[in-house]
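Dear colleague,

I am passing on the structure we spoke of, and below it you will find what came out of going through it. Please read the notes with the coordinates open beside them.

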Amino acid sequence: MKKVILSSLFLLAFHVLFSQPTDAVIKKDLTTSSTIEIKFTKSTGTRQWNSGTGNWEYVRGVNIRKKTNEYPGLVVKIVGDAVYQYTGAGKYSYWKFRTISNEWEGIPNPTEEEIMKTLSSDWAKFYGFYFKKIVNLKSGPELNKEKRFNWGTPNKVTFYMNVSADIISSNVHLDDAEQVYQVNFFRDDIKSPWKNFQSFCSSDATKVLKHEDIGADKIRQLQQKTLAYTLAEKMAKKELASLPQLEIPEFQSAKEMADFFHNILRNGTPEQLKVALLKTLAPHLMMEGSNIQFNARGQQVYDLAVKAAYGGDFKYKDQYCQNYSTGNLTSTSHIYIVSAIPKNTTMLSTMMANDGYVNGVQIKKIKVTDLKVAVRQDQDARNFINSFTDKSKFCPDN
């Protein structure tokens, strides 16, 4: 009985090991009307156990050159594996072709210069989630030359970029990690430049070399060194350099500050208003650690003020006189600037806030906490303004 079992096992092993499909059979199975050429990558294939199907497979690496109907005149080279499954009695049956990569003949891969130019157009898109987490870029992004370029079509290609960095991974942890980003490039046609891209880096593509607990205080400090923060700071400096120069007085009261902003709203520009707010907004409306970046709330204060004062058919200067009166709710910290037309008031709110230290002594200055600009665009406001036959009577005290 034992000899029978051993003999059966020997025969099974013989069939599995030696009854793989011939080169001719494989070429026949893979050939279609569009096939130009099939070459084998090695002199033989490999036999392996597929735990998913519970069966033996025979895998043969091939390169297939073929024509495509979608792109006449172009030839695609498909790199992949022909996969056969064992069916018993020493036979294998063709199961599927597993594509590893595509290459289009006559179409070059993107150069490293093209890659970096395209990626640098939007680093936030490239790094994604990690843009606000990476605090020290040790190396990269650089092309992963161990992985092939994989062309889905002549206008879409996939490749991989390596990054080595220190990454904030929690409120107290910093990771020294190596990452691989999958990048997809897109263009309209093969003669056009790359115009868009996608980028992905999964947790599986991140290898943590060191996971260190550095404490919450240190992590808060590192938030001002992330790629997102430092790039925004760099861009803010560049923008500020292009904005008009504006001398900001040493305000002694909220009323003096209101006069200053009222003049900019009437006679100035959105750019001048931005400079003024960058230099006077309260700390809680600025990015922590920066005096040239609004935070989200500070940006909203600026955007709404610009839209109201300069954006509509009626501007601030059309509805407010140079010499203005203040409303009944005006106080030492809140100034209500009354318009020349009814039911229209702009509010400037202020507070005394820390503006740094000199020789260890805290310096406090008047800072803006809110600026709500009101300019009416309704028909009744238009009728009111148009009712003045003598325009000098609209602002009689000017």
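To begin with one sheet, β13 and β14 pair in the antiparallel sense over five bridges, and within that pairing Val338 has Thr345 of β14 as its bridge partner. Please keep in mind throughout that this is a predicted model. The sheet to which these two strands belong is an open one of four strands, ordered β12-β13-β14-β15 and paired in the antiparallel sense. Its edges are taken by β12 (325-326) and β15, each of which has a single partner strand, so one side of each is left without a neighbour in the sheet.

β15 also matters for the largest pocket, since it gives the most to the lining, with four residues. The space in that pocket comes to about 530 Å³, and its lining is made up of 25 residues, of which Lys279, Thr280, Leu281, Asp355 and Lys367 lie nearest the centre. Besides β15, the elements that give two or more residues to this lining are α8 and β14 (345-358). By residue class, the lining divides into 11 nonpolar, seven polar and seven charged residues.

Turning to the cores, the largest nonpolar one has 44 residues, and Phe261, Leu273, Leu277, Tyr316, Leu371 and Val373 are those with the most contacts inside it. At least two residues of this core come from each of α7 (254-267), α8 (270-280), α9 (296-310), β13 (334-338), β15 (361-372) and α11 (379-386). If neighbours within four places in sequence are set aside, Leu273 is in contact with Phe261, Ile264, Leu265, Tyr302, Ala305, Val306, Tyr310 and Leu371. There is also a second, separate core of 42 residues, which includes Val76, Trp104, Met161 and Val163.

The remaining notes concern β4 (residues 75-88), of whose 14 residues 11 are buried, so this strand is largely enclosed by the rest of the structure. β4 runs antiparallel to β3 (residues 55-67), to which it is joined by 11 bridges, and Val62 has Gly80 of β4 as its bridge partner. With β5 (residues 91-104), β4 pairs in the antiparallel sense over 12 bridges, and here Tyr84 stands opposite Tyr94 in β5. β4 and β5 form a hairpin with two residues between them, and in its turn Ala89 has a positive phi of about 55°.

With kind regards

Definitions and conventions:
Residues are numbered from 1 along each chain as its sequence is written. This is a predicted model: local features need pLDDT of at least 70, side-chain atom pairs count only at pLDDT 80 or more; totals for chains, interfaces and linings use all residues. Side-chain values use heavy atoms; hydrogens and water are left out. A nonpolar core is a set of buried Ala, Val, Leu, Ile, Met, Phe, Trp, Tyr and Cys residues joined through side-chain atoms within 4.5 Å. Buried means under 20% relative accessible area, exposed over 50%, partly exposed in between (1.4 Å probe, protein chains only). Contact means heavy atoms within 4.5 Å. On a 1 Å grid over the protein atoms alone, a cavity is a set of points where a 1.4 Å probe fits but cannot get out, and a pocket is an open set with protein on both sides within 12 Å along at least five of seven lines; lining residues have an atom within 4 Å of a point. Grid points are joined across faces, edges and corners, and a volume is the space filled by probe spheres set on the points. Ala, Val, Leu, Ile, Met, Phe, Trp, Tyr, Cys and Pro count as nonpolar, Asp, Glu, Lys and Arg as charged, and the others, Gly among them, as polar. Two strands pair if DSSP finds at least two bridges between them.
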